[in-house]
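This report walks through one protein model, from its sheets to its cores and its ligand. Please keep the sequence and the structure in view while reading.

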Amino acid sequence: MPKPLSDPSRDAGPPVACLVSLGCAKNTVDSERILASLVQDGFLIAERPEDADLCLVNTCGFIQDAREETATVLRDLASGRRRGRPARIVAIGCLVERAGSVPALREFLDAADATAGFAEFPRLPRFCREVLGLAPPAVRDAVGTLADFHRLPRLLSGGGHSACLKISEGCSNGCRFCTIPGIRGRQVSRPVDEILAEARSLIDSGVAEICLIGQDTTSYGHDLTGRRELAGLVRALSTLRGSVWFRLMYAFPKFIGDELLDALAADPRWCPYLDLPLQHISDAMLRAMGRGMGRDDTLRLLDRLAGRIPGLCMRTAYIVGHPGETDDDFAELLAFVREGRFLHAGVFVYSHEEGTPSASLPDRVPATVARLRRDELMRAQRGVSRAALQSWVGRTVEVIADEPVARGSAAPRHARWTGRHRGQAPEVDGVTFLAPRGGVALRPGRVVPARVLQGLDYDLVAEVTGAS
Ligand code: SF4
């Protein structure tokens with residue numbers, strides 16, 4: 001039960017809330033639904049916590065770095081209060097859920113006045129009113145269950161021209177290092193009709209890019225029918241009218257079949273892009289991580305992908321320092337990265353998570369060694385990325401405009417806008433800096449052809465060549 005605020009130092013009038021969303025795109029989508037439900041309940045939304053009565057922090061807690069970031073944000077909010085605002089700080093979501101089963105993690109939430117796990121999401125507006133000591137709303141809660149919550153409308157963040165579309169929640173894969181199935185539960189897929197209705201409404205509201213997300217998008221539908229149904233979902237989405245880019249994120253490599261690749265290739269609105277988290281390449285490590293496929297399977301898959309989707313740009317993620325990772329395992333991974341198969345890659349240091357099978361393995365890798373390995377891998381990836389992007393100079397690519405370059409930013413001199421070509425996903429990959437020419441007016445979501453002038457470490461610089 002939240003502690004009510006006995007004497008809220010606020011003017012009479014609608015309560016004002018602010019929301020800070022941490023972690024991944026899955027959290028962002030939840031945050032967008034929460035914001036819409038607060039507005040529906042009569043809350044005003046403030047951009048800055050100091051303008052709000054109550055600040056929600058949608059937390060991330062699946063690894064140590066994420067928990068530390070959450071704790072820092074909560075403490076900064078508490079110590080940065082201005083004239084008592086925000087009067088209440090409420091931590092919600094992922095870390096709250098995990099701290100429910102691992103009490104030692106509660107210290108990361110110390111600076112919050114109240115906490116709410118996923119089960120509270122359908123009734124968060126009422127919960128927030130209780131925290132503020134306000135009367136409950138006159139109308140009944142609009143939603144009752146988490147499934148209802150996932151059908152709520154959203155208040156899109158960012159420019160509103162690019163949106164994620166969550167097709168499932170949770171994961172049933174059981175990779176041995178991962179806390180996510182314990183936090184979010186086993187996979188629950190949304191019905192196709194519901195996903196299509198949300199996609200249609202996003203397109204109708206002017207969204208120009210839709211990124212499909214889930215913990216493992218390739219297992220979509222397995223919980224509903226016993227079969228992996230992502231190819232069918234891709235085909236169903238392809239029947240929707242509208243000029244929109246579709247993009248597939250979080251594809252588990254083991255479950256990528258030819259039917260899915262054919263469905264992606266059949267509609268040019270699907271970006272030639274795949275986010276394919278490999279985690280490692282050495283057989284010993286892939287086995288220890290419980291990934292269900294080895295090095296040779298992975299290499300065969302990558303060759304198959306390159307052959308079937310021309311111009312495919314891929315993103316991956318690696319974990320270094322998993323228990324048992326030897327110098328030889330790491331050298332094998334480093335050599336693989338240097339082959340340059342992935343344009344984008346994120347590298348994570350293994351996080352020791354109580355309750356996961358990996359946490360009970362012997363031969364732990366010292367944190368200093370793991371960090372050095374991460375830095376070395378990132379250096380290698382930077383070289384790969386830079387060489388690949390420099391080879392793009394002179395090409396003309398389609399770019400979706402995101403936002404004007406902020407004054408005083410470190411952008412190249414002629415750049416006026418940032419955008420992304422089809423091989424760059426929002427938030428996680430690099431950007432394409434745009435130098436507009438010929439009076440082409442840019443706005444968020446406008447797609448324009450641009451000639452690549454320069455390749456940087458992770459970004460491109462391009463000049464707009466016309467209007468498409
Ligand atoms: S597929 Fe991803 S979310 Fe699912 S268990 Fe493996 S690492 Fe975790």
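The text below describes a predicted model, taking the open sheet before the barrel.

**The open sheet**

Strands of a sheet pair through backbone hydrogen bonds, either parallel or antiparallel. In this model, 6 strands make up an open sheet with parallel pairing, in the order S6-S9-S10-S11-S12-S13. Its edge strands are S6 (162-166) and S13 (344-349), each of which pairs on one side only. From one strand to the next, the twist averages 20°.

At the S13 edge, strand S12 (residues 313-320) is joined to S13 by 6 bridges. One residue of S13, His344, is the bridge partner of Arg315. Over at S6, helix H1 (residues 25-40) lies across both S6 and strand S9 (209-213). The helix runs at about 95° to S6.

**The barrel**

A closed barrel is formed by 5 strands, which run S14-S15-S16-S18-S17 with mixed pairing. On average, neighbouring strands of this sheet are turned by 50° against each other, direction ignored.

Strand S18 (residues 460-464) pairs with S16 and with S17. The table sets out these two pairings.

| Strand paired with S18 | Bridges | Direction | One bridge pair |
|---|---|---|---|
| S16 (residues 432-435) | 4 bridges | parallel | Thr432 and Leu460 |
| S17 (residues 447-455) | 5 bridges | antiparallel | Ala450 and Val464 |

S17 and S18 also form a hairpin, with 4 residues between them. Is S18 mostly covered or mostly open? Strand S18 is mostly covered, as 4 of its 5 residues are buried.

The loop between strand S15 (417-421) and S16 holds Glu427. Is Glu427 buried or exposed? Glu427 counts as exposed because it has 12 C-beta neighbours inside 10 Å, and a residue with 12 or fewer is classed that way. Glu427 and Leu240 are 187 residues apart along the chain, and their C-alpha atoms are separated by 25 Å.

**The nonpolar cores**

Which residues touch the most other members of the largest nonpolar core? This core has 84 residues, and the ones in question are Leu165, Ile210 and Leu434. A second, separate core has 43 residues, including Ala66, Val96, Ala114 and Val131.

Leu165 belongs to the largest core, and its number falls within the range of strand S6 (162-166). When neighbours within four places in sequence are left aside, Leu165 is in contact with Ile195, Glu198, Ala199 and Leu202. Leu165 is also in contact with Ile210, Cys211, Leu212 and Ile213. The numbers of these last four residues fall within the range of strand S9 (209-213).

**The ligand**

Which residues surround the ligand? They are Cys171, Asn173, Gly174, Cys175, Cys178, Ile180, Pro181, Gln215, Asp216 and Phe252. Sorted by class, the shell around the ligand has 6 nonpolar, 3 polar and 1 charged residues. The charged residue is Asp216, while Asn173, Gly174 and Gln215 count as polar.

Conventions
Residues numbered from 1 in each chain as written. Predicted model: local features only at pLDDT ≥ 70, side-chain atom pairs only at ≥ 80, totals over all residues. Near = placed C-beta within 6 Å. Buried ≥ 20, exposed ≤ 12 C-beta atoms within 10 Å, placed from the backbone. Helix = DSSP H or I, 4+ residues; strand = E, 2+ residues; numbered from the N terminus. Pairing = 2+ DSSP bridges. Axes fitted to C-alpha atoms, helices over the stretch in contact; angles between N-to-C directions. Contact = placed C-beta atoms within 7 Å. Core = buried A, V, L, I, M, F, W, Y, C linked by C-beta atoms within 7 Å.
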